[in-house]
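Q: Could you take me through one part of this structure slowly, as if we were looking at it together? I'd like to see how the pieces of a sheet fit side by side.

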Amino acid sequence: MAMRAAIELLLGIVFLGYIMVWLMSSTNIFYLHWMPRVHAETNFTFIGAQGQNTLIFTFPIIFIAVMACLYLHLGKKLGDHGISKGGSMFDRWKRPVLIKGALGIVTWTELTFLLMFIALLCWSIYSYLHAMFAPIRQEAAAEGLKVWEVKLSSLGLTLGLVGNICLAFIFFPVTRGSSVLQLVGLTSESSIKYHMWLGHMAMTLFTLHGLCFITFWTETKQLSKKMLKWDDLLVSNVAGEIALTAGLVMWATSFTCIRRKMFELFFYTHYLYIVFVVFYVFHVGFSSACTILPGFYLFAIDRFLRLLQSQQKVCLVSARVLPCRAVELNFSKSPGLKYNPTSSMFINIPSISKLQWHPFSVTSSSKLEPDRISVMIKGDGHWTNKLHQKLSSTSPRTTHLKASIEGPYGPASPDFMRHDTLVMVSGGSGITPFISIIREILSQSNTKTVKTPKLLLICAFKHCVDLTILDLILPVPESANAAPLDFSCAELRIEAFVTRDKEMKPEDESSSQIQTLWFRQNGTDSPVAAALGSNSWIWLGAIISGSFVIYLVLIGLATQYYIYPIDGNTNMRFSTPAKAALNILSICVAVVVTATVGFLWNNRRSSSQTTPVLNRAIPAPTTTSPATLLSGGDSESAEEVESQPRNAIRQATTVHLGKRPNMNRILLEVEGESVGVLASGPKKMRQRVANYCQSSIADNLHFHSISFAW
């Protein structure tokens, strides 16, 4: 614990120092680097700029990422994630303040940091313009230009410099296995909106940056000359135009109206980030690109590790096909793979599409099911409908279905355990993350080592047939290797609302059986294994630090013996794009070599602890139906065919037909000193719940929005 406290203090000091660097960067870096590059009439080489910027902007974040890995490893080893029962002094800062609007549901903490970031951008704009406008008349007279033309050029440069600040932070939210995000209690899924905010701000600034210079070149009659300029020493305009074009294509396809209707177009055009980053570096030079290097560096490591993991074919052991066009997939996993509830993972099934990857919430618990991991997939689109159709027409134990996995990714600790009562509000398939929470708490309540919170699940479905999703609260019997669960230890209540059906129809009862499929296995498949990240923080820290050291050594040798030879031969002059390309190549080599070695070594260690997947002849589980849920589970026939856990689920469930939940009344009646309210599902539903939790009469309610919608 003393070591963790020392790491916390050290990380705090480094982080505050890093913030101070950004506050001063608009004046320091401007005078030392950008002014000479823009206004120099002769060939200018800023000796040492790359080393200085690497030390100032890159090293602190790499250091924080490595120390965060050590901190998280110690927390996992000690089993202490800083979870305390009841509320904390920071709970009020986590309450929602903005409910409806373009930013979505925003807490006081998020709003505060957003305003601070906007203040940083405004300060930078003021600082840059103040410095550039001071000698504006002398520059205009010396260059034979009008004052407003020089001001327009200065404004364009300022917008580009401020856009770099947004770009410096844009890769952190999309680094799925990031130790930096986990350190502050965030996940990539919950941080996607920050990536979107930064993306919109960056592209707005860069677009205005380009328009200002195009207007300036047009007014000064040098448009064609400047647009085609590829300068080997100063700013390369052509590279900037290519980067801006790639960025505009990504930006245009990221708006909601296009992203929701044509997700694949949005997804694959976003791979243009490679073109954007490479030509951005060519445009500004690697020394200036050091501001975005730490975020991109950590993202590159994470992306390559995900690529290595996705090359493995994993075992699909069984599947449950629900009549509501939903399926549960059960994969074999290594016992060493640990994850927390509300985690998600990306799945690719080559027999359906070799290119498409889709994210899904994990419904299993690594404590309850040590050798299985499962997800539920609702048939709402072309890919998911094809999967449902494929499994619906599959005969048991005759099919071998291959899949690839990335993840799982999730929070570093189950923060919801600190509450006395958990109220989980879901709509439709939004129930999936809550299934994992219920399984986790059921598992812990059976151990009787910790006090678990009371559970209230409020779920809304459209039709009665959707009630079969509740049957997934219990895992497939093959996955439950331990003794049957004892529901007497857990206080669970389920309020199920069917909004469109006012009565149970005969066809619903007759078509409500759940089909369970078992799949053959072969020797080429492997279980889902820990791909570093949250399961091996020490390995991730070693890869980050080792690859960064290798990069520094490579670029140091190249600089000493190739770019600036020690024999003093100045005939070999490297252009700015060439030096940028050499740096990019060195980063790629360092990341690929170190990550590959770490991944293979960790995989070898995991495989030695994994038992082979066997086909076990276990009978298919008995299934429930909406009819048994509606009857309350008191019929003798139901008692004979259902196990005790399933009887407990039915007895804990109250079904309301033709009604919608009255959230204000339900939340008002919830008792507890600290009540965690988790909402997952449609946007309007989450907003209604957040609106009530925002009110002053709900001081004991702590709202958490779970949304995986991009």
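A: Here is a walk across the open sheet, strand by strand, in this predicted model.

Let's start with the overall layout. Six strands make up the open sheet, and they line up in the order 13-11-10-9-14-15, with parallel pairing. Who stands at the ends of that row? Those are strand 13 (653-657) and strand 15 (701-706). Each of them has a single partner strand, so one side of each is left without a neighbour in the sheet. Going from neighbour to neighbour, the strands are turned by 15° against each other on average, if you ignore direction.

Now let's look inside the row, at strand 10, which covers residues 454-461. Is this strand mostly covered or mostly open? It's mostly covered, with seven of its eight residues buried. "Buried" here means under 20% relative accessible area. On one side, strand 10 pairs with strand 9 in the parallel sense, over seven bridges. One spot to find on your screen is Val423, whose bridge partner in strand 10 is Leu456. Strand 10 also pairs with strand 11 (residues 492-498), again parallel and over seven bridges. To find that pairing, look for Ile458, which has Glu495 as its bridge partner in strand 11. While you trace these strands, here's a handy rule: in a regular strand, side chains alternate between the two faces of the sheet.

Next, head for the end of the row with strand 15. Strand 14 (residues 675-680) runs parallel to strand 15, and six bridges join the two. Ala679 is a good landmark here, since its bridge partner in strand 15 is Ser705. What packs on the sheet in this area? That's helix 24, made of residues 683-694. The helix touches strand 14 and strand 15, and also strand 9 (421-427). Compare directions and you'll find that helix 24 makes about 160° with strand 15.

So, to retrace the route: you can begin at strand 13, one of the edges, and follow the order 13-11-10-9-14-15 across the sheet. Along the way you pass strand 10 with its seven buried residues, and you finish at strand 15, where helix 24 is in touch with the sheet.

Conventions: Residues numbered from 1 in each chain as written. Predicted model: local features only at pLDDT ≥ 70, side-chain atom pairs only at ≥ 80, totals over all residues. Heavy atoms only, no water. Pairing = 2+ DSSP bridges. Helix = DSSP H or I, 4+ residues; strand = E, 2+ residues; numbered from the N terminus. Axes fitted to C-alpha atoms, helices over the stretch in contact; angles between N-to-C directions. Contact = heavy atoms within 4.5 Å. Buried < 20%, exposed > 50% of the residue type's maximum accessible area, 1.4 Å probe, protein only.
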